[in-house]
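These are my notebook entries on one structure. I set down what I looked up, in the order in which I looked it up.

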Amino acid sequence: MAVSEPVQIHCAGAYSGTVTLPSLEVAGSVAQARQLISDRIGEGNSACVKLIAGGRTLEDDTKALADYGVHSKTRLLVMRTARAAASAKLAAQESRAQRLARLKDAAAAMAARGDGSSWNDDAYEFALENQAGEGVRFDDPQDRRVLVMGLALHEQGKQILEKEDYQEALDVLLLAEEAFDMCNPKHLDMVDNVGLLMIDIVWCYFQLRAIGQLAAARARLDKAQDSLQRSHGPSGARMRRLHGNFCPELATYVRLELLHGVAAFHSGDSKASLHLASALSKWQRLQVSDESLATLASMGFTTSRATRALRFCEGDTEQAASFAAEQAQLSKKRKADHNEQKKLRREMRSYGATASGKLVDAAGLQLLENMGFQRALAAEALKQVTSWLITPLQHLAYLWEQGGLWHMFISPGCYLRRLLFLLQ
């Protein structure tokens with residue numbers, strides 16, 4: 001009895017490829033083919049896979065493929081039933097929800113790292129700054145946590161946007177909006193991230209053709225306009241003052257006006273043409289000439305740095321060169337300051353934790369050292385007091401400098417011991 005050769009069947013539709021079967025004439029080969037194809041497309045339930053050959057549906061799994069007229073040159077059409085599609089959609093939704101939950105947990109953990117003042121803070125902390133590069137202080141630690149969480153989620157959302165996965169990006173950006181909504185508005189006025197976030201969310205609506213979100217898009221664009229005006233000042237006045245009267249970058253406002261125009265057009269608003277004309281005008285101001293770029297490149301500036309400087313200075317080559325040089329120096333200074341802060345933090349950690357679980361206060365330590373105390377001795381003293389006593393210490397420092405305390409203490413060491421006694 002001759003042994004039949006394995007047969008290769010070509011498939012199209014939900015699965016495009018081939019499957020190899022031992023025989024087409026063996027009873028049950030329909031079920032075998034269905035199971036092989038089900039495994040290839042990742043469908044756990046083979047009953048959700050529909051096979052069609054020559055216009056006939058292969059319904060009976062107990063039959064042989066040959067019973068349906070299938071031969072080596074037959075092309076099977078593979079379809080997934082509605083139940084399979086619904087199951088796949090549900091699985092995708094669950095997977096996305098799990099990814100979002102993991103992302104939200106990661107952002108929350110990142111936000112909980114603290115600002116580095118606590119002994120238990122790990123080696124990574126966030127230093128939040130406003131447009132002037134000044135540190136942002138928070139009365140309530142919760143405000144800091146939710147702001148950092150919002151910033152982290154927004155950054156992740158922008159990275160997903162770059163991959164053009166707009167639905168995934170939108171989900172993450174909406175989580176960032178939720179975090180910002182929990183923050184004290186006075187802190188949000190110092191940064192422009194909320195306005196930028198609103199623009200990114202509406203950009204996702206635009207890319208997804210989400211016409212049903214038109215009203216929400218217009219509301220978010222209005223919110224973006226208000227946020228940018230509060231943080232940048234009317235017509236960017238605050239940004240101009242911060243940057244030596246240079247014109248701030250217009251790319252953000254180009255996107256804002258463009259989206260305003262698109263939303264207005266689809267809403268039947270006559271202001272659409274005004275917004276689009278404004279976007280075009282701003283875009284034209286962003287253009288830089290090759291000659292200007294070449295001039296700055298000859299001075300040693302990179303293309304990206306030169307382009308940013310020229311846009312910031314509206315194409316003025318001389319001002320752009322000064323601005324780029326200033327930014328380079330500022331970048332160096334910030335890096336040096338950051339390294340100095342890391343070095344100081346390592347030193348504070350070397351002294352151990354205070355009674356309240358915080359690091360030794362660096363400002364108080366410098367204050368006592370300036371008064372003549374040995375640094376290590378002063379650090380040991382500060383470990384036994386809490387940070388709210390720094391203000392009295394500053395007052396004592398003033399008296400010390402005026403010589404008003406010399407009649408009370410013979411030496412700095414005696415003064416420090418007496419100070420600790422008074423603080424007990």
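**Entry 1: Loop residues**

I began with Arg 209, which is found in the loop between helix 6 and helix 7. I note that the model is a predicted one. For Arg 209 I read a positive phi of about 55 degrees, although the residue is not a glycine. I recall that most residues other than glycine have a negative phi. I then asked whether Arg 209 is buried or exposed. Its relative accessible area is 62%, so I entered Arg 209 as exposed, the cut-off for that class being over 50%.

I next turned to Glu 164, whose place is in the loop between helix 3 (141-162) and helix 4 (166-181). Glu 164 is not a glycine either, and its phi is positive at about 65 degrees. I recorded a relative accessible area of 56% for Glu 164, which is therefore exposed.

**Entry 2: Helix 6 and helix 7**

I returned to the helices on either side of the loop that holds Arg 209. Helix 6 covers residues 193-207 and helix 7 covers residues 214-232. Their axes lie 8 Å apart, and the packing angle is about 155 degrees. Because angles over 145 degrees count as roughly antiparallel, I entered helix 6 as roughly antiparallel to helix 7. The crossing of helix 6 with helix 7 is left-handed.

Which residues of helix 6 and helix 7 meet? On the side of helix 6 I listed Val 194, Gly 195, Met 198, Ile 199, Ile 201, Val 202 and Tyr 205. On the side of helix 7 the residues are Ala 216, Ala 217, Arg 220, Leu 221, Lys 223, Ala 224, Ser 227 and Leu 228. By class, I noted 11 nonpolar, two polar and two charged residues in the contact of helix 6 with helix 7.

**Entry 3: Helix 12 and helix 13**

I then looked up helix 12 (residues 303-312) against helix 13 (residues 317-350). The angle at which helix 12 and helix 13 pack is about 125 degrees, and their axes are 8 Å apart. I therefore entered helix 12 as oblique to helix 13. Helix 12 and helix 13 make a right-handed crossing.

From helix 12, the contact takes in Arg 305, Arg 308, Ala 309, Leu 310 and Phe 312. Helix 13 contributes Thr 317, Ala 320, Phe 323, Ala 324, Gln 327 and Ala 328. I classed seven residues of the contact of helix 12 with helix 13 as nonpolar, two as polar and two as charged.

I singled out Gln 327 in helix 13. Leaving aside its neighbours within four places in sequence, I found Gln 327 in contact with Arg 305 and Arg 308. Its relative accessible area is 18%, so Gln 327 is buried.

**Entry 4: The sheet**

Last, I examined an open sheet of five strands, ordered 2-1-5-3-4, with mixed pairing. Which strands stand at the edges? I found strand 2 (17-21) and strand 4 (56-57) there; each has a single partner strand, so one side of each has no neighbour in the sheet.

Strand 3 (residues 49-53) and strand 5 (residues 75-80) run antiparallel and are joined by four bridges. Lys 50 stands opposite Met 79 in strand 5, and Ile 52 has Leu 77 as its bridge partner. Strand 1 (residues 7-13) runs parallel to strand 5, again with four bridges. Here I noted that Ala 12 is bridged to Leu 77 of strand 5.

Terms used: Residues are numbered from 1 along each chain as its sequence is written. This is a predicted model: local features need pLDDT of at least 70, side-chain atom pairs count only at pLDDT 80 or more; totals for chains, interfaces and linings use all residues. Side-chain values use heavy atoms; hydrogens and water are left out. Axes are lines fitted to C-alpha atoms, for helices over the stretch in contact, and angles run from 0 to 180 degrees between N-to-C directions. Helices (H or I, at least four residues) and strands (E, at least two) are DSSP runs, numbered from the N terminus. Angles under 35 degrees count as roughly parallel, over 145 as roughly antiparallel, 65 to 115 as roughly perpendicular and the rest as oblique. A crossing is left-handed if the near helix is turned anticlockwise from the far one by less than a right angle, and right-handed if clockwise. Contact means heavy atoms within 4.5 Å. Ala, Val, Leu, Ile, Met, Phe, Trp, Tyr, Cys and Pro count as nonpolar, Asp, Glu, Lys and Arg as charged, and the others, Gly among them, as polar. Two strands pair if DSSP finds at least two bridges between them. Buried means under 20% relative accessible area, exposed over 50%, partly exposed in between (1.4 Å probe, protein chains only).
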